[in-house]
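The following exercises concern the model displayed below. Each task is followed by a solution in steps.

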Amino acid sequence: MVAAILFHLSRSLWQRAWPLWAALPTALLLCSLAGPARADDISATARGVVRVVTIAIVDDEVVGFGHGSGFAVAPNRIVTNAHVVELLTRYPGNVVIGIVPSEGSKSYQGKVIAIDTVHDLALIEFSGTPLPPVALYTGLVSEGGMVTALGYPGNVDLATARSAVDYIHPLSPIRTEGVFSGRRQMSGTDVLLHTAGIARGNSGGPLLDPCGRVIGVNSAITRGEEGDSSFGFAIADSELAAFLTKAKQPFQAVGMPCTSIAEIDKAEREATHKPPPRPTRPSATRPAKPCWRARQR
């Protein structure tokens, strides 16, 4: 159904529909992330990242079209931002939600089964090819540590999409890297401040540690003005865990510190280049006496 609807969306329709999604406050833009990596932990997590497409139809006319990002917490359950599916509140009963995996050739219809507009989180269920769930990291994230964002930034789509149909074609998520800059509160929600590059259209994508574990859900960015630096905000792992628990959705949680595949490979390479241990000389001293001695009679 999603494919059939999008197939009839012309390029001109997309140009009319995009402002509905892109016309967000310029000071704080709702968004999501992207990031580069090799075939390692990040690549494995990317297989569970999806594009979330929303289409509002009233009287057989498309009146709203948008997209964000999301990731699997179960084979058929997707986490995204509540604002990614905000068309549901504007056009109740008239919105189709599509889930587009990063691999394969099909997209699937989904439905929202839990939503928290205060903390900007939503849970979507879909029927289709099971996805590999991602793991949440519940341990301490060190300030200055490397982070990676995955998602589908709208500025990349605008530059490369030929029509709205391209939005249901499975593609691997875009990746960006940055550092974790600290925890903050934003509108009563715990968020992670970071410098990974993000853009509108990728809200709901995961923020990852070097082991590919989710530490947050990308939700917003600040726009740098007059040379100011831009920062991204991700809903903290603690908020996500509380949301999933309340929704009675099981999830994978890991609290052990990260030792990435890249770090393991580096350690192994260094170990293979270490010089062999130097031979030890035989001791010239007398053998040590045992700690005990039989009692002589």
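**Exercise 1: Gln-249**

Gln-249 is located in the loop that connects α6 (237-246) with β17 (252-254); helices (H or I, at least four residues) and strands (E, at least two) are DSSP runs, numbered from the N terminus. The model is predicted: local features need pLDDT of at least 70 and side-chain atom pairs count only at pLDDT 80 or more, while totals for chains, interfaces and linings use all residues. Residues are numbered from 1 along each chain as its sequence is written, and side-chain values use heavy atoms, with hydrogens and water left out.

Task: determine whether Gln-249 is buried or exposed, and which residues it touches.

Solution.
1. The relative accessibility of Gln-249 is 6%, so this residue counts as buried (buried means under 20% relative accessible area, exposed over 50%, partly exposed in between; 1.4 Å probe, protein chains only).
2. Setting aside residues up to four places away in sequence, Gln-249 touches Val-73, Ala-74, Arg-77, Leu-123 and Leu-244 (contact means heavy atoms within 4.5 Å).
3. With Arg-77, the side chain of Gln-249 makes a polar contact of 2.5 Å (a pair of N or O atoms within 3.5 Å; within protein, one must be able to donate a hydrogen and the other to accept it, and residues adjacent in sequence count only if both atoms are side-chain atoms).

**Exercise 2: the nonpolar cores**

Task: state how many residues the largest nonpolar core has and which elements give two or more residues to this core.

Solution.
1. The largest nonpolar core has 24 residues, and those with the most contacts inside it are Phe-71, Val-79, Leu-240 and Leu-244 (a nonpolar core is a set of buried Ala, Val, Leu, Ile, Met, Phe, Trp, Tyr and Cys residues joined through side-chain atoms within 4.5 Å).
2. Two or more residues of this core come from each of α3 (41-46), β4 (61-74), β8 (121-126), β12 (189-194), β15 (214-222), β16 (232-236) and α6.
3. A second, separate core has 16 residues, including Ala-72, Val-84, Ile-99 and Phe-126.
4. Beyond its neighbours within four places in sequence, Leu-244 is in contact with Val-73, Val-79, Leu-123, Leu-136, Gln-249 and Phe-251.

**Exercise 3: the disulfide**

Task: identify which residues form the disulfide and where they lie.

Solution.
1. The whole structure contains 1 disulfide (a pair of cysteine sulfur atoms within 2.5 Å).
2. Cys-211 and Cys-258 form it, with their sulfur atoms 2.1 Å apart.
3. Cys-211 belongs to the loop between β14 (206-208) and β15, and Cys-258 to the loop between β17 and α7 (261-272); the pair therefore ties together parts that are 47 residues apart in sequence.
4. The disulfide is right-handed because the torsion about the S-S bond is about 95°.
5. Cys-211 is buried at a relative accessible area of 15%, whereas Cys-258, at 23%, counts as partly exposed.

**Exercise 4: the aromatic pair**

Task: classify the pair formed by the rings of Tyr-108 and Phe-126.

Solution.
1. The search of the whole structure finds 1 aromatic pair (rings of Phe, Tyr and Trp, its six-membered ring, pair if their centres lie within 6.5 Å; planes under 30 degrees apart count as stacked, over 60 as edge-to-face and the rest as tilted).
2. The ring centres of Tyr-108 and Phe-126 are 5.9 Å apart and the planes stand at 35°, so the pair is tilted.
3. Tyr-108 is in strand β7 (residues 108-116) and Phe-126 in strand β8, so the pair ties together parts that are 18 residues apart in sequence.
4. Tyr-108 counts as buried at 14% relative accessibility, and Phe-126 is buried at 3%.
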